[in-house]
Amino acid sequence: MSHDDRSGAKQPHRFDPKKAALLDDPARLEYLPPAEVAALLDAPRGGLVADFGTGTGLYALELARLRPDLSFAAIDEQDRMLALLRDKLAARPAPNVRPVLSGTPEAAALAGRVDRALALNVLHELGDSALAELAGLLAPGGRALFVDWNAAVERPFGPPRDHVLSPAEARARLERLGWRVAHERLFRFHYALAAAPAR
Ligand SMILES: C[S@@+](CC[C@H](N)C(=O)[O-])C[C@H]1O[C@@H](n2cnc3c(N)ncnc32)[C@H](O)[C@@H]1O
């Protein structure tokens with residue numbers, strides 16, 4: 001699916017692939033440590049994880065190395081972004097990471113099978129229909145971890161504060177769309193919300 005209907009998104013523009021290099025800034029791994037993201041994700045042994053809006057796959061690759069027992073579907077709506085991930089995989093293979101383009105039969109085959117979904121730095125870009133698509137990926141008992149820039153925090157990088165949500169706004173939006181938020185954690189520049197669709 002190309003997500004042309006982004007209604008509900010705080011920042012309803014498609015991510016510009018010309019900015020992709022920003023996603024690979026190594027400083028990200030300091031202020032948002034992958035090991036802490038992996039702990040919050042809390043994926044069951046041998047499970048299937050969807051990195052929804054994977055971009056260049058920085059965190060999918062880091063998490064896949066931390067948890068070789070898991071399989072990662074690195075999903076993006078833009079093949080230009082996935083091409084950058086494929087280049088990384090060609091240079092350094094990660095057998096448990098598979099790039100998946102939204103709207104393909106491969107993406108459709110994930111519906112109802114995913115144990116954990118990660119949505120990192122993307123909630124502010126997701127329209128309501130994309131959030132429903134994300135919910136549809138989850139297996140019974142599955143849940144999602146939404147980690148995004150915190151609008152309440154001043155920072156020298158990342159999107160402008162008025163393009164992203166505060167933790168309270170993110171929680172309210174998810175709850176309005178039928179998610180139950182089970183856990184919240186604040187990082188230096190980000191909030192993290194662990195949530196499951198109320199079925
Ligand atoms: C700001 S980047 C974040 C990438 C990655 N999660 C990270 O933190 O490095 C957002 C990515 O999400 C993708 N994206 C946005 N909306 C999407 C959707 N509805 N389905 C799949 N991918 C989406 C964009 O194409 C872009 O690559």
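In this predicted model, the ligand is surrounded by 21 residues, where a residue counts as near a molecule or strand if its C-beta atom, placed from the backbone, lies within 6 Å of it. The closest are Phe15, Gly53, Gly55, Glu77 and Ala130. Two or more residues of this shell come from each of the elements α4 (58–66) and β2 (71–76); helices (H or I, at least four residues) and strands (E, at least two) are DSSP runs, numbered from the N terminus. Sorted by class, the shell holds 11 nonpolar, 7 polar and 3 charged residues. Here Ala, Val, Leu, Ile, Met, Phe, Trp, Tyr, Cys and Pro are taken as nonpolar, Asp, Glu, Lys and Arg as charged, and the others, Gly among them, as polar. Residue numbers start from 1 along each chain as its sequence is written. Because the model is predicted, local features need pLDDT of at least 70 and side-chain atom pairs count only at pLDDT 80 or more, while totals for chains, interfaces and linings use all residues.

Strand β2 also belongs to an open sheet of 7 strands, ordered β3-β2-β1-β4-β5-β7-β6 with mixed pairing; two strands pair if DSSP finds at least two bridges between them. At the edges are β3 (97–101) and β6, each pairing on one side only. From one strand to the next, the twist averages 20°, with axes being lines fitted to C-alpha atoms, for helices over the stretch in contact, and angles running from 0 to 180 degrees between N-to-C directions. β2 and β3 pair in the parallel sense over 5 bridges, and aspartate 76 stands opposite leucine 101 in β3.

Let us turn to a helix that meets this sheet. Helix α8 (residues 167–176) lies across β5, β6 and β7 and runs at about 165° to β6. Its buried residues are Pro167, Ala170, Arg173 and Leu174; buried means that 20 or more other C-beta atoms lie within 10 Å of a residue's own, exposed that 12 or fewer do, and partly exposed in between, with C-beta atoms placed from the backbone. Viewed down the axis of α8, these buried residues fall within an arc of 130°, so they line one face of the helix. The arc is that of the directions from the helix axis to the C-beta atoms. They pack against β5 (138–149), β6 (179–186) and β7 (190–197), contact meaning that the C-beta atoms of two residues, placed from the backbone, lie within 7 Å. On the other side of α8, Ala168 and Arg176 are exposed.
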